[in-house]
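Dear colleague,

Please find below the structure that I am handing over to you. A summary of what was found in it follows.

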Amino acid sequence: MTDSVAPSAPALVPVKIAGTGSYLPERIMTNHDLEAMVDTSDEWITTRTGIKERRIAAEGEYTSHLATKAAEAALEQAGLNSDDVELIIVATITPDTLTPATACYVQQQLGSLKAVAFDISAACSGFLYALDYAKHTVGAGAFKNALIIGAEKLSAFVDWNDRNTCVLFGDGAGAAVILPSVSGDGKILSSQLGTDGAQAELLNIPCGGSACPITLENANEKTAVLAMQGREVFKHAVNAMKRASIEAIKAAGLTFQDIKLLIPHQANLRIIDAIVERLEIRREDVFINLDKYGNTSAAAVAIALDEAHRSGRINRGDKILLVAFGAGLTWASAVIEW
Ligand code: ACO
């Protein structure tokens with residue numbers, strides 16, 4: 001893991017989150033619905049993961065559509081017009097198309113015609129990777145603002161016959177607007193990123209890329225779907241998110257007692273409980289919504305941040321800790337003063 005601010009780097013202007021937004025598709029799929037599809041039970045899913053239901057995008061509703069709706073809500077809250085957006089980053093592992101980037105479709109849908117737009121692929125850590133990048137590039141003055149979005153249509157990349165994976169994931173999007181911080185109106189205090197490519201095989205979508213193009217021969221083999229060694233991923237997730245949380249707190253010059261709310265990646269309640277046990281943080285100071293949405297990968301922390309903010313669990317001056325973990329393996333954390 002590296003501190004994202006190198007000692008020799010020129011001083012950056014502090015940046016803040018000026019607005020958040022989220023969007024969840026209308027269709028709800030409950031654990032009971034899944035009982036009719038695979039050999040599983042509400043009891044197994046609830047006790048092993050904490051998930052009760054998830055959202056599923058409609059046919060014809062793509063990742064970019066979810067992203068655009070979340071972005072519109074964030075822009076409105078930030079008071080920023082879509083034609084003034086200078087940078088759009090979409091974090092996703094379920095892009096509309098392999099190319100162009102989903103961010104290009106979002107740019108078109110928002111009408112943000114002068115924005116530079118590209119995607120980040122860092123799985124569940126993607127939104128925090130985008131936050132870190134925006135902190136540096138807006139902080140350096142290269143762009144006046146950034147719209148960062150985590151958006152996923154995981155339902156399109158799940159094998160609906162595989163009970164090991166299909167019960168875990170859902171669709172959704174969350175967004176935030178990053179602006180330079182005027183003194184006293186909140187700032188990102190620290191952000192940390194980490195990657196361990198040696199563990200890439202633990203969690204991937206094996207086909208659909210250049211390593212394994214979809215052909216007539218493999219088209220029916222369910223290879224363009226998420227494959228995961230769940231137990232191994234679980235262990236790495238707990239260790240990496242614990243380490244990343246401690247690093248981000250230290251880099252911000254704070255202690256866990258200063259943190260009003262922890263917003264962790266929403267993959268599994270047992271992972272969250274294991275992290276809470278290992279950190280000096282109270283369970284009631286942890287934001288959890290995975291019961292409603294399942295694991296929405298890059299969207300999860302962004303949706304949780306928006307819900308925490310809009311429901312009044314974050315207020316001006318509060319210090320919050322965000323931490324995520326995902327395929328790659330990747331992990332990331334950030335401390336924000338609201
Ligand atoms: N319903 C019923 N039984 C099931 C189901 C199901 N949906 N899924 C698996 N089982 C069975 C297994 O077949 C196995 O049976 P067996 O003992 O007869 O072989 C048994 O339940 C136990 O399986 P485990 O995999 O050991 O279950 P575990 O307690 O580890 O829970 C889980 C599995 C939920 C996947 C967990 O390992 C986990 O959360 N892992 C981490 C996932 C994660 O954090 N991903 C993060 C990133 S995601 C991203 O980046 C896109």
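**Findings: helices and sheet**

Helix 4, formed by residues 102-110, lies across strand 5 (87-91), strand 6 and strand 7, and runs at about 130 degrees to strand 5. Please note that this is a predicted model.

The strands just named belong to an open sheet of 5 strands, whose order is 2-8-7-5-6 and whose pairing is mixed. Strand 2 (15-23) and strand 6 (116-120) stand at the edges; each has a single partner strand, so one side of each is left without a neighbour in the sheet. On average, neighbouring strands of this sheet are turned by 20 degrees against each other, direction ignored.

At one of these edges, strand 2 runs antiparallel to strand 8 (residues 171-180), and 8 bridges join the two. Within this pairing, glycine 21 has alanine 175 in strand 8 as its bridge partner. Helix 3 (residues 63-78) also packs on the sheet, where it touches strand 2, strand 7 (146-153) and strand 8. The direction of helix 3 makes about 130 degrees with that of strand 2.

**A residue in strand 5**

Valine 90 is located in strand 5. Is this residue buried or exposed? Its relative accessibility is 0%, and valine 90 therefore counts as buried, the limit being under 20%. The contacts of valine 90, not counting residues up to four places away in sequence, are Thr102, Ala103, Val106, Phe118, Asp119, Ile120 and Ile149. For isoleucine 149, which is 59 residues from valine 90 along the chain, the C-alpha atoms of the two residues are separated by 4.8 Å.

**Salt bridges**

How many salt bridges does a search of the whole structure find? The search finds 12. Three of the pairs are described here.

Aspartate 39 forms a salt bridge with arginine 163, and the closest N and O atoms of this pair are 3.7 Å apart. The pair links distant parts of the chain, 124 residues apart: aspartate 39 is in the loop between helix 1 (31-35) and helix 2 (42-49), while arginine 163 is in helix 6 (residues 163-166). Aspartate 39 counts as exposed because its relative accessibility is 62%, whereas arginine 163, at 45%, counts as partly exposed.

Aspartate 84 forms a salt bridge with lysine 114, with 3.9 Å between the closest N and O atoms. This pair, too, links distant parts of the chain: aspartate 84 is in the loop between helix 3 and strand 5, and lysine 114 is in the loop between helix 4 and strand 6, 30 residues apart. With a relative accessibility of 32%, aspartate 84 counts as partly exposed. Lysine 114 has a relative accessibility of 51% and counts as exposed, for which the limit is over 50%.

Glutamate 284 forms a salt bridge with arginine 282, the closest N and O atoms being 3.6 Å apart. Both residues belong to a network of salt bridges that links Arg282, Glu284 and Asp285.

**Surroundings of the ligand**

The ligand is surrounded by 27 residues, of which Thr40, Arg48, Cys124, Arg231 and Asn268 are the closest. For arginine 231, an N or O atom of the side chain is 2.4 Å from an oxygen atom of the ligand. For asparagine 268, a polar side-chain atom lies 2.7 Å from a ligand oxygen atom. In glycine 230, a polar backbone atom is 3.0 Å from a nitrogen atom of the ligand.

With kind regards

Methods
Residues numbered from 1 in each chain as written. Predicted model: local features only at pLDDT ≥ 70, side-chain atom pairs only at ≥ 80, totals over all residues. Heavy atoms only, no water. Pairing = 2+ DSSP bridges. Helix = DSSP H or I, 4+ residues; strand = E, 2+ residues; numbered from the N terminus. Axes fitted to C-alpha atoms, helices over the stretch in contact; angles between N-to-C directions. Contact = heavy atoms within 4.5 Å. Salt bridge = Lys/Arg side-chain N within 4 Å of Asp/Glu carboxyl O. Buried < 20%, exposed > 50% of the residue type's maximum accessible area, 1.4 Å probe, protein only. Near = heavy atom within 4 Å. Polar contact = N/O pair within 3.5 Å; in protein donor to acceptor, adjacent residues only side chain to side chain.
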